[in-house]
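Q: Please take a close look at one part of this model and describe it for a reader who has not met the structure before. A single connected account would be welcome, beginning with the part itself and then following the residues around it.

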Amino acid sequence: MFTADHLLYFLEVSRHGRLNEAAKALGVDHTTVGRRITSLEKSVGQRLFDRTPAGWRLTEAGRRLVGYAESVESTLIAAFEDQTSSVGSLSGSVRIAAPDGFGAFVLTPNLTTLRRKHPDLDVELVTATEHKTLNTREFDVAITLEQPSPRFVVYRKLATYSLFLYATEEYLQTHPRILTSDDLREHTLIWYVGALLDVAPLRILDSFLTDGRAQIQTNNITGHWLAARSGLGIAPLPSYIGEPDDTLVRVAGEQFSIDRTYWVAVPRELAGLARVKAVDELLRAVVADAPHLRSDG
């Protein structure tokens, strides 16, 4: 029998591509997922997935079914939200995924606004700068440095920001002058761990210095900031981190500058939810008020 429950199983397999991962997301055994998919395929009279060694891939019939299944899922989620939230206030939880810099330095200080308006809404903020953020889809709202694929999410540009090189005044006074990019070879550079950096927009050292290499590497931007302000070396930092810090100065003014864009992505089935709209409203307000972010939305 064709049921809404079958469609939810179908969606998880289409998103994860493997029965084990879909089963984990659903909280059931993988054999249960397999039986539900087989039953659904018998009901519709078509094969919805091609079973391959690399995973389960949607057939053309499966791709056509995705949109309908997401509409059913969205309706069920919205109905649950409507019945469990008080008038004028939201409850439950919302998970936000964000790059470490934006999450820690921009979003976290502004969560008080969301908290005051919706005191019964729990906020889960997951900060990480890695490619798999969008692939796992384990979020309600994601801020990302990579333009999302429209296959499973709706998205928009959030803001553009600039990265400059920063160091302490003491560090610059006790090390060789920096007039050209080649002068950076005489300095300690601070950046992400190269072997772990899988986000293309952050592979930027070559933009400052051909064949550039960071002598101090750490996997989060808070580490870059703390290393620079301790006088350890020079770090590329978003201006929203570097400019408000009186212990740091911009190296060579505007000479070393790179612009990057933040995007907001929401799973299609969640786009109409009140808690998602509340987060999006907050993000728009935060960007509008931030002196070192330029709104693109």
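**The second largest cavity and its surroundings**

A: The second largest cavity encloses about 70 Å³ of space. The model in which it is found is a predicted one. Three cavities of 30 Å³ or more are present in the structure, and the present account concerns the second largest of them. Rolling a probe the size of a water molecule over the atoms shows where empty space is left.

Which residues lie nearest the centre of this cavity? They are D100, Y161, Y192, I221 and Y262, and they belong to a lining of 15 residues. By chemical character, the lining is made up of twelve nonpolar residues, two polar residues and one charged residue.

Two elements, α5 (100-107) and β6 (153-167), each contribute at least two residues to the lining. Of the elements concerned, α5 gives the most, namely three residues. This helix is itself mostly covered, six of its eight residues being buried. The buried residues of α5 are D100, G101, F102, G103, V106 and L107. D100 thus appears in two lists: it is a buried residue of α5, and it is among the residues nearest the centre of the cavity. An α-helix has 3.6 residues a turn, so residues three or four places apart point the same way.

The aromatic rings offer a further way to follow this region. In total, nine aromatic pairs are counted in the model. In one of them, F102 and Y262 meet edge-to-face, with 5.0 Å from centre to centre and 65° between the planes. This contact joins distant parts of the chain, since F102 belongs to helix α5 and Y262 to strand β11 (residues 257-267), 160 residues apart. Are the two partners buried or exposed? F102 has a relative accessibility of 0% and therefore counts as buried, the limit being under 20%. Y262, at 2% relative accessibility, falls under the same 20% limit and so counts as buried too. Y262 also lies among the residues nearest the centre of the second largest cavity.

A second edge-to-face pair is formed by Y155 and W263, whose ring centres are 5.8 Å apart and whose planes meet at 70°. It too links distant parts of the chain: Y155 lies in strand β6 and W263 in strand β11, with their positions 108 residues apart. Here the two partners are not covered to an equal degree. Y155 has a relative accessibility of 31%, which lies between the limits of 20% and 50%, so this residue counts as partly exposed. W263, by contrast, has a relative accessible area of 11% and is therefore buried.

Ring pairs also connect F102, Y161, Y240 and Y262 into a cluster. Two members of that cluster, Y161 and Y262, are named among the residues nearest the centre of the cavity. The lining and the aromatic cluster thus share these two residues.

A further ring is approached by a charge: the charged end of R250 is placed over the ring of F164, at 3.7 Å from its centre. A comparable arrangement involves R51, which lies over the face of W56, 4.1 Å from the ring centre.

The latter contact leads to a pair of strands. Strand β1 (residues 49-52) and strand β2 (residues 55-58) are paired in the antiparallel sense through four bridges. A hairpin of two residues connects β1 to β2. Within this pairing, T52 stands opposite G55, and F49 has L58 as its bridge partner in β2. With a relative accessible area of 9%, L58 is under the 20% limit and is therefore buried. Its C-alpha atom is 8.9 Å from that of R47, a residue eleven places away along the chain.

Conventions. Residues are numbered from 1 along each chain as its sequence is written. This is a predicted model: local features need pLDDT of at least 70, side-chain atom pairs count only at pLDDT 80 or more; totals for chains, interfaces and linings use all residues. Side-chain values use heavy atoms; hydrogens and water are left out. Two strands pair if DSSP finds at least two bridges between them. On a 1 Å grid over the protein atoms alone, a cavity is a set of points where a 1.4 Å probe fits but cannot get out, and a pocket is an open set with protein on both sides within 12 Å along at least five of seven lines; lining residues have an atom within 4 Å of a point. Grid points are joined across faces, edges and corners, and a volume is the space filled by probe spheres set on the points. Ala, Val, Leu, Ile, Met, Phe, Trp, Tyr, Cys and Pro count as nonpolar, Asp, Glu, Lys and Arg as charged, and the others, Gly among them, as polar. Rings of Phe, Tyr and Trp (its six-membered ring) pair if their centres lie within 6.5 Å; planes under 30 degrees apart count as stacked, over 60 as edge-to-face and the rest as tilted. Buried means under 20% relative accessible area, exposed over 50%, partly exposed in between (1.4 Å probe, protein chains only). A charge sits over a ring if NZ of Lys or CZ of Arg is within 6 Å of the ring centre and within 35 degrees of the ring normal.
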